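This briefing is for a reader who is new to the structure. Please look over the sequence and the model before reading on.

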Amino acid sequence: MPVALLQVGMFVCRLDRPWLGTPFLMQGFLIENREMLHQVQSLCSQVCVDTRKSLVTFKARPDKSQPAPTLPASFDRDMAQMGLRSVLPTYTRTLKHVKEAMRGLSKGHSLNPETLGKQVDECITALIDNIPAMTWLSRVKSHDDYTYEHALHVSLLCMVFGIHCGWPRDEVRTVGLAGLLFDLGKLRIPKSLLNKPGPLTEVEWQLFREHTKWTRYLLEKSGFGQDVIAACYYHHERPDGQGYPVQKLAGQVPLGARLIHILDAFDAMISYRPYAQQRTVYDAIRVLYKGRTTEFDSALVDQFIELMGVYPIGTLIELSSGEVAVVIGQNHDARLLPKIAVVRDRNKQPVSERVVNLKYLTGNDGKPLFRVKTMLHDGSYGIFMQDYTRQLVLGTQAAR
């Protein structure tokens, strides 16, 4: 519809321009106030509105004499719950396909490009419908399935990135498929080497680096396209030419490979690994930013930081009050003051979940009463996002 017909309470699901370069963190958002309404109207000529997720009817013109409604933060929690419920089946099926494919490959079977391609297509459709929920799931970690989850999470982040930047669907599909498959060659590397807690010797490094060649061999044997194979084979190359397997310079490395290099590192840093300390999302992004131009493609890093935002939905934070909370929503005009669900008191003891919008918790002087003190590791103070997400989807009391 033309942006002149937009109202507060409508859910915008598509813009007439790429999401990159707009102030909106995720594709798909509710127009919560007149400031956001004017922001959309100043950026676009027309947008697509999802009537199912909107809070208004479409029969009457907006009544400008009425004050704009202020939506409670609990609405964001309800939206997160509804979104997670809608995309969880796709996430679960894809993880199952990844497990089956990798286990079959380790037994000498070939991969099926058509089956995996259809699953990636299903993920793309789910992402277009609800990017925040699928992105949330990409940060839900377990201790048992790192290999499979890592592949799926890198794939999801690749697709989120491509959709966010307005890439054509076939390009999003290619990078999503490569994100699932880029580390297949590690199946041919001894587990004792992959999980070694200490530094690798030069001989061990040489053996480890062979995994990219094994990946290429396995993908070629299974009949995957060259775009997918190249994105996987070169994903350890660096802009400064110090990567592997062939030490290509930045301009010679395919875009998909450069993106996977970034997202592989990011997801690995925020995951549980026996040989490295887990980092927070904030710390992982700092590592990426510090490695711009040398280890990582600077333009892609900048775009990824823009996509993730300051406090991504589905992350754990500690407030200036000492309370611990989960980020459940964003304020596009106050990115440092997210919408949160408080799950621990200032003494880090479990409390009944309390949903608040930090933007509206102000003192008599109009200044925020609480701010985000720090971002926390998943599992801090006994709060695991896997458990919180499961309880949220089931509708039970979370983080107790």
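The notes below cover one pair of helices and the cysteines in and around it.

The model is predicted. Helix 5 spans residues 146-164 and packs against helix 6, residues 169-181. No disulfides turn up in a search of the whole structure.

**Helix packing**

- Two packed helices are described by the angle between their axes and the distance between the axes.
- For helix 5 and helix 6, the angle is about 160° and the axes lie 7 Å apart.
- Helix 5 is therefore roughly antiparallel to helix 6, since angles over 145 degrees count as such.
- Helix 5 and helix 6 cross in a right-handed sense.

**Residues in the contact**

- On the helix 5 side, the contact is made by Ala151, Leu152, Val154, Ser155, Cys158, Met159, Gly162 and Ile163.
- Helix 6 contributes Val172, Val175, Gly176, Gly179 and Leu180.
- By class, nine residues of this contact are nonpolar, four are polar and none is charged.

**Cysteines**

- Cys158, one of the helix 5 residues that meet helix 6, is buried, because its relative accessible area is 0%.
- The closest cysteine sulfur to that of Cys158 belongs to Cys232, at 9.4 Å, which is too far for a bond.
- Cys165 is also buried, with a relative accessible area of 14%, a value that falls under the 20% cut-off.
- For the sulfur of Cys165, the closest cysteine sulfur is in Cys158, 11 Å away, so the two are too far apart for a bond.
- A disulfide would need the two sulfur atoms within 2.5 Å.

Technical notes:
Residues numbered from 1 in each chain as written. Predicted model: local features only at pLDDT ≥ 70, side-chain atom pairs only at ≥ 80, totals over all residues. Heavy atoms only, no water. Axes fitted to C-alpha atoms, helices over the stretch in contact; angles between N-to-C directions. Helix = DSSP H or I, 4+ residues; strand = E, 2+ residues; numbered from the N terminus. Parallel < 35°, antiparallel > 145°, perpendicular 65-115°, else oblique. Left-handed = near helix turned anticlockwise from the far one by under 90°. Contact = heavy atoms within 4.5 Å. Nonpolar A, V, L, I, M, F, W, Y, C, P; charged D, E, K, R; others polar. Buried < 20%, exposed > 50% of the residue type's maximum accessible area, 1.4 Å probe, protein only.
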